[in-house]
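This report introduces a protein model to a reader who is new to structural description. Please keep the sequence and the structure in view while reading.

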Amino acid sequence: MTTPSEVYTLTTGVFPDRYQNGTQLEGPVYGAQLMFTGPDAAIEVIGNNITQYMFGSPSCNPWFAELIANYKKAIIRTAGDLRKAPDDRVVLTGVWYHLDYNERPRFEPYVIHVISADGVVSSRRYKIEMFDYDSPGEGFLGMLALETTSPEEISQFLKKEAARITGRYTSHETCGLRPLQGVIWFPAEDNNEDDIPIIVSKLFTVRASDEQPDYDVDVFPSEAAPLRDDFSEALSEAGEKAEITQRLVSAYDAIVNEPVSDSDKEWILRKLSHSRFGVYRGELVVREPRSGPITLSELANSSTARGSWFQVRIDHNAYDPRFSAFDDDDRSGRNDFRAMLHDRKFPPVSEDEPNCLLESDWYRAEGSTAAVRYMAVGPEPRLSW
């Protein structure tokens with residue numbers, strides 16, 4: 001079950017006593033709902049009053065407020081249909097979905113909570129059409145019968161299953177985050193158990209759009225876990241002192257000089273990307289504006305720039321550039337072969353082209369009719385959270 005104070009975030013409820021004390025004989029049946037990446041968000045309706053929440057607290061986010069204003073009649077009407085009693089309050093809980101700088105943000109509801117006057121919470125899956133972008137059933141992958149009745153084993157198994165399911169979606173959105181942060185597991189409606197909880201399997205948690213997400217260590221284990229812990233502590237200490245400490249240098253060398261996996265090397269660059277420190281030509285440095293010539297990975301790992309613009313040209317037709325935050329491919333150098341950046345010599349040729357200080361030459365792969373180039377250090381867009 002879920003308590004009234006937990007309805008503003010996507011939270012795993014508590015199993016009933018028969019699961020806790022071992023008297024439950026059969027395992028539960030759950031259905032998998034893919035969960036977009038984004039901060040927890042909620043819409044609470046009490047009578048005709050609507051309150052928006054983000055990160056579990058009341059929010060004044062202007063984009064969220066605009067969305068609610070546009071759908072106010074539909075929200076109030078739907079909440080009225082969901083109430084069981086006039087004084088019930090209704091909370092729609094999901095995520096604030098905005099990972100692409102070129103798209104409008106939206107609220108993605110996943111759970112409907114109806115809270116009675118005496119604090120009893122009734123929760124179920126959101127599968128209605130209230131927003132015009134709603135598509136009931138989209139992202140729902142079917143049912144899974146479990147053999148275990150241990151709440152801990154159920155949660156661990158479903159989290160590993162969530163990692164397997166979302167593992168096929170490995171690409172990153174333009175903000176640098178993966179499109180899916182996990183799976184929400186809903187009890188089967190016909191299993192005669194209306195008191196087993198919704199389970200939220202988050203593989204990572206976002207706190208702010210400009211921060212590194214926290215990856216679940218049980219799902220993303222590392223051979224260099226102790227070294228990672230030492231580096232995280234050293235990085236935090238160096239950040240408080242606002243200087244590169246000897247402890248940070250030692251912790252960094254301990255990882256990069258060991259035969260660790262590529263994922264560990266990517267992790268350390270990802271961790272540094274959300275700090276004031278970076279790496280330039282093998283040395284730890286304080287991030288600062290950079291000039292050309294410089295590779296894309298050098299720019300990503302040592303400068304204050306958050307990302308770059310990518311532009312495609314076919315024949316003589318150049319498409320509008322699109323901004324993307326630096327990701328693992330950029331930081332690890334996998335795009336350097338086509339992205340040596342030089343100081344820009346000429347101003348933008350159109351108003352759709354960003355006024356950047358750095359640009360690469362046009363790169364065309366052999367046999368291709370399309371050419372691409374990168375631009376960086378300019379007026380960078382922001383996400384809405």
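Is Asp328 buried or exposed? With a relative accessible area of 10%, Asp328 is buried, since buried means under 20% relative accessible area, exposed means over 50%, and partly exposed lies in between (1.4 Å probe, protein chains only).

The model is a predicted one, in which local features need pLDDT of at least 70 and side-chain atom pairs count only at pLDDT 80 or more, while totals for chains, interfaces and linings use all residues. Residues are numbered from 1 along each chain as its sequence is written, and side-chain values use heavy atoms, with hydrogens and water left out.

**Overall form**

The protein chain has nine helices and 21 strands. Helices (H or I, at least four residues) and strands (E, at least two) are DSSP runs, numbered from the N terminus. Along the principal axes, the C-alpha atoms fill a box of roughly 70 × 50 × 45 Å. Of the 385 residues of the chain, 47% count as buried. Among contacts (heavy atoms within 4.5 Å) between residues at least 6 apart in sequence, 62% join residues at least 24 apart.

**Two aspartates**

Asp328 belongs to helix H9 (residues 328–332). Its side chain makes a polar contact of 3.0 Å with the side chain of Arg331. A polar contact is a pair of N or O atoms within 3.5 Å; within protein, one must be able to donate a hydrogen and the other to accept it, and residues adjacent in sequence count only if both atoms are side-chain atoms. Leaving aside residues up to four places away in sequence, Asp328 touches His172, Glu266, Arg270 and Arg334.

Asp132 lies in the loop between S7 and strand S8 (140–145). Asp132 has a relative accessible area of 67% and is therefore exposed. A polar contact of 2.6 Å joins its side chain to that of Tyr71. The C-alpha atoms of Asp132 and Ala74 are 10.0 Å apart, although 58 residues separate the two along the chain.

**Aromatic rings and charges**

The structure contains 14 aromatic pairs. Rings of Phe, Tyr and Trp (its six-membered ring) pair if their centres lie within 6.5 Å; planes under 30 degrees apart count as stacked, over 60 as edge-to-face and the rest as tilted. Two of these pairs are set out below.

| Pair | Centre to centre | Angle between planes | Arrangement |
|---|---|---|---|
| Phe231 and Trp267 | 5.9 Å | 70° | edge-to-face |
| Phe337 and Tyr363 | 5.4 Å | 85° | edge-to-face |

The pair of Phe231 and Trp267 links distant parts of the chain, 36 residues apart: Phe231 is in helix H5 (residues 225–241) and Trp267 in helix H7 (residues 262–273). Phe231 is buried because its relative accessibility is 0%; Trp267, at 11%, also counts as buried. For the other pair, Phe337 is exposed at 53% relative accessibility, and Tyr363 is partly exposed at 29%.

One aromatic cluster is formed by Phe64, Tyr71, Trp96, Phe107, Phe131 and Tyr133. Charges also sit over rings, meaning that NZ of Lys or CZ of Arg is within 6 Å of the ring centre and within 35 degrees of the ring normal. Arg290 lies over the face of Tyr280, 4.1 Å from the ring centre, and the charged end of Arg313 sits over the ring of Trp362, 4.3 Å from its centre.

**Nonpolar cores**

In soluble globular proteins, nonpolar side chains tend to be buried together. A nonpolar core is a set of buried Ala, Val, Leu, Ile, Met, Phe, Trp, Tyr and Cys residues joined through side-chain atoms within 4.5 Å. The largest nonpolar core has 51 residues, of which Phe107, Phe131 and Trp185 touch the most other members. Not counting residues up to four places away in sequence, the residues that Phe107 touches include Ala41, Ile43, Leu67 and Val95. A second, separate core has 16 residues, among them Ala238, Ala251, Ile268 and Leu269.

**Strands**

Two strands pair if DSSP finds at least two bridges between them. An open sheet of six strands has the order S4-S3-S2-S5-S6-S7, with antiparallel pairing. Strand S4 (57–58) and strand S7 (121–125) are its edge strands, each pairing on one side only. Strand S5 (residues 89–97) runs antiparallel to strand S6 (residues 106–115), and nine bridges join the two. Gly94 stands opposite Pro109 in S6.

Elsewhere, strand S16 (residues 307–314) pairs with S18 in the antiparallel sense over four bridges. Phe310 stands opposite Arg322 in S18. Side chains alternate along strand S18 (residues 322–325): Phe323 and Ala325 point to one face and are buried, whereas Arg322 and Ser324 point to the other and are not.
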